[in-house]
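Please open the model in your viewer and keep the sequence panel beside it. The tour below goes from the overall picture to single residues, one selection at a time.

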Amino acid sequence: MSAQPAILFVCLGNICRSPLAEGALRAELTARGLGWSVDSAGTGDWHVGNPPDPRAIEEATRRGVDIVGLRARQVKSQDFDRFTHIFALDESNLADLRRIAPPVAKADLSLLLDMVPGHEGRSVADPYFGDDSSFARTWDEVSLAARMLIERL
Ligand code: 4NP
């Protein structure tokens, strides 16, 4: 009867954090035989059409998840009706999403780490200007959040 969750992850460029979150959630859903709809997008348009950052691809591969085929896109107002939940990776992404959200929206909008007990209100740090360990940390954060959100939604 009620529709399955449809999840959108949103960061700035849609080449580092949100594709990792998408890959992590897809892998967890596949492992559980769940067919939820999952996507990711960026608030910015600089990387539209591009695959994830090579460092993100490498980190996902290291964790056994293939994100090579993902392509960046920019979030749009219709996303607030297509998805049941939109998760911002950081506070700045959340503020940008609040600005573009239509007055009446289906999607529940929150920070991704609100799903992780003890991490509510926290941002997933941007690894773009970091080193490889930043991407490992990003993976750890988004994959924990992915597992938690499956349990909580
Ligand atoms: P993301 O990381 O938002 O996690 O995809 C970034 C990607 C690109 C840029 C910044 C952050 N950039 O400045 O181009």
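## The surface and the whole chain

Begin with the molecular surface of this predicted model: the protein exposes about 7,500 Å², and carbon and sulfur atoms supply 51% of that area. If you then colour by burial, buried residues make up 50% of the 153 residues in the protein.

Switch to a cartoon next, where five helices and four strands can be picked out, and where following the sequence gives the pattern β-α-β-α-α-β-α-β-α. The radius of gyration is 14 Å, close to the 15 Å that the globule rule gives for 153 residues, so the protein is as compact as a globular protein of that length. Along the principal axes, the C-alpha atoms fill a box of roughly 40 × 35 × 30 Å.

A contact map is a useful companion here: among the contacts between residues at least 6 apart in sequence, 70% join residues at least 24 apart. For the charges, select the 17 positive and the 22 negative ones as two groups, whose mean positions are 3 Å apart.

## Before strand 1

Move to alanine 3, which sits in the segment before strand 1 (6–11). Is alanine 3 buried or exposed? Its relative accessible area is 66%, and because the cut-off for exposed is over 50%, alanine 3 counts as exposed. Draw a distance from its C-alpha atom to that of threonine 84: these two residues are 81 residues apart along the chain, yet the separation is 8.8 Å.

## The loop into helix 1

Continue to asparagine 14, in the loop between strand 1 and helix 1. If you display backbone torsions, phi of asparagine 14 is near 60°, a positive value in a residue other than glycine. With 2% relative accessibility, asparagine 14 counts as buried.

From the loop, go on to arginine 17, which belongs to helix 1 (residues 17–32). Arginine 17 also counts as buried, at 2% relative accessibility. What does the side chain of arginine 17 make a polar contact with? Show the side chain of aspartate 90, and the contact appears at 2.9 Å. To see the rest of the surroundings, leave out residues up to four places away in sequence and select what arginine 17 touches: Cys11, Leu12, Leu89, Asp90, Asn93, Val124, Ala125, Asp126, Pro127, Thr138 and Val142.

## Two residues of strand 2

Now select strand 2 (residues 37–42), and within this strand valine 38. Valine 38 is buried, with a relative accessible area of 7%. Once residues up to four places away in sequence are set aside, valine 38 touches Ile7, Phe9, Glu22, Leu25, Arg26 and Leu29. For a longer reach along the chain, take the C-alpha atoms of valine 38 and leucine 149, which are separated by 12 Å with their positions 111 residues apart in the count along the chain.

Finish on aspartate 39, also in strand 2. The relative accessible area of aspartate 39 is 19%, and because buried means under 20%, this residue is classed as buried. Display its contacts, again without neighbours within four places in sequence, and the selection holds Ile7, Leu8, Phe9, Glu22, Arg26, Arg73, Arg82 and Phe83. Keeping both selections on screen shows partners that valine 38 and aspartate 39 have in common, among them Ile7, Phe9, Glu22 and Arg26.

Notes
Residues numbered from 1 in each chain as written. Predicted model: local features only at pLDDT ≥ 70, side-chain atom pairs only at ≥ 80, totals over all residues. Heavy atoms only, no water. Helix = DSSP H or I, 4+ residues; strand = E, 2+ residues; numbered from the N terminus. Rg over C-alpha atoms; globule rule 2.2 N^0.38 Å. Buried < 20%, exposed > 50% of the residue type's maximum accessible area, 1.4 Å probe, protein only. Contact = heavy atoms within 4.5 Å. Areas by Shrake-Rupley, 256 points an atom, 1.4 Å probe, with all protein chains shown as cover. Lys, Arg positive; Asp, Glu negative; His and termini not counted. Charge placed at Lys NZ, Arg CZ, Asp CG, Glu CD. Polar contact = N/O pair within 3.5 Å; in protein donor to acceptor, adjacent residues only side chain to side chain.
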